Amino acid sequence: MSEMRLIVAGAGGRMGRALTRAISETEGGVLAGALEAPGSELLGKDAGVLAGLPANGVQVSADLWAMSAEADGILDFTVPAATIANVAIAAQRGLVHVIGTTGLSASDDAVIKSVTNRAVVVKSGNMSLGVNLLTALVKRVAQSLGDTFDIEIVETHHRAKIDAPSGTALMLGEAAASGRGISLGDHSARGRDGITGARRTGDIGFASLRGGTAAGDHSVSFLGPFERLTLSHHAEDRMLFAHGALKAALWAHGKKPGLYSMADVLGLGDT
C-alpha cells in the first residue's frame, strides 16, 4: 500500500507540531497538509520549520477543503468547535478522521457519530498504549470490587490545558462505571468545596490539578475498608500521543465506516 497522506489539524499547536514530527519519523505516512484557524498568524508558514524540522514545503493553510482533495486522513487534536467544523468535510472527502480533541459535549459526540455510517472515525480521550491498558484494568478491578470500595480519579496536566477533567480521566471514569454497571453521569462527583456532607456510596470522584509542563498523569484509587489499591499512568512526553494517533490512522486506513476507539486499534475491544 502507498503512503497514507495525512493532514495535521492545529498544526501550530503543541500537539500539532508533535504530530508533524511523528509523521516524519514513521514509515507509511506522509504530511499532506497543515491546518490552522482562519486569521492565525501562522498561515503561510512551513509546517516542518514550525515543528523544529527542516522545511518540508507544506504551508500552513486554513482551507481544509482544498488540502483534503489529495489526502487520506486527518489527525485532529484541536478544540471542540474546530473538530466539529472538520467532521463534515472529512466525511465528505472520505478521510480517516482521528480525533484526540477533549472537552467534546454530548451534542458534539452526536455530530461525530452521525457521520460514521459513511466515514471512518477513530476517537479516543487518550492515544497511548499504557492508558488504554490502564482503562481495561480499571474496568476489571471495578467489576471485581464492590461499592464498599470508593473510586477516586486524580489527573495532573500542564498549566495551559483548558478543560477539566481531562478526556483521559473521563475515559477512566467511564471504564469504572461500566465495570460497576452504573451510569457515570449519575455517579460523578466533581469540585468538592465547603461543607459537602459525607461521600455518597457509589460515586466516582474526580480531582484536576494544573501546573507547570506536566504532559499528563492519571491515577485511579480504589479505597476500601483498611486497604487501598491505586493504578496509575505517567506520560513523559506528548510524542507518546502523537505516535499513538499515527498508529490509529494507519490502522484505520481501508477499514469499513464506523466509530472506532484506541481499544479497537490495540486489540483491546473485548475488554
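Reader: Is His-158 buried or exposed in this structure?
Author: Let's start with the setting: this is a predicted model, and His-158 sits in the loop between β7 and α7. Buried means under 20% relative accessible area. The relative accessibility of His-158 is 13%, so His-158 counts as buried.

Reader: Which residue, 55 residues apart from His-158 along the chain, has its C-alpha atom 4.4 Å from that of His-158?
Author: A good place to look is the list of residues that His-158 touches, leaving aside those up to four places away in sequence. That list includes Arg-14, Gly-212 and Arg-238, and it also holds the residue you want. The C-alpha atom separated by 4.4 Å from that of His-158 belongs to Thr-213.

Reader: Thanks! Which residues does the cis peptide bond join?
Author: Stay in the loop between β7 (150–157) and α7, where Pro-165 lies. Most peptide bonds are trans. Here omega is about -10°, and the cis bond joins Ala-164 and Pro-165.

Reader: How are α6 and α7 oriented to each other?
Author: Helix α6 (residues 129–144) and helix α7 (residues 167–180) have axes 7 Å apart and pack at an angle of about 30°. Angles under 35 degrees count as roughly parallel. The two helices, α6 and α7, are therefore roughly parallel to each other.

Reader: How many nonpolar residues does the contact of α6 with α7 have?
Author: On the α6 side, the contact includes Val-131, Leu-134 and Val-138, while Met-171, Leu-172 and Ala-175 are among the residues from α7. There are also 6 polar and 2 charged residues in this contact. The number of nonpolar residues is 8.

Reader: Which element gives the largest share of the largest nonpolar core?
Author: In soluble globular proteins, nonpolar side chains tend to be buried together. The largest core here has 36 residues, and Leu-6, Leu-19 and Val-98 are among those with the most contacts inside it. Elements giving two or more residues to this core include β1 (4–9), α1 (14–25) and α8 (239–252). The largest share, 8 residues, comes from α8.

Reader: What is the phi of Phe-226?
Author: Phe-226 is found in the loop between β10 (217–224) and β11 (227–234), and Phe-226 is exposed, with a relative accessible area of 87%. Most residues other than glycine have a negative phi. Phe-226 has a positive value, near 70°.

Notes:
Residues numbered from 1 in each chain as written. Predicted model: local features only at pLDDT ≥ 70, side-chain atom pairs only at ≥ 80, totals over all residues. Heavy atoms only, no water. Axes fitted to C-alpha atoms, helices over the stretch in contact; angles between N-to-C directions. Helix = DSSP H or I, 4+ residues; strand = E, 2+ residues; numbered from the N terminus. Parallel < 35°, antiparallel > 145°, perpendicular 65-115°, else oblique. Contact = heavy atoms within 4.5 Å. Nonpolar A, V, L, I, M, F, W, Y, C, P; charged D, E, K, R; others polar. Buried < 20%, exposed > 50% of the residue type's maximum accessible area, 1.4 Å probe, protein only. Core = buried A, V, L, I, M, F, W, Y, C linked by side-chain atoms within 4.5 Å.
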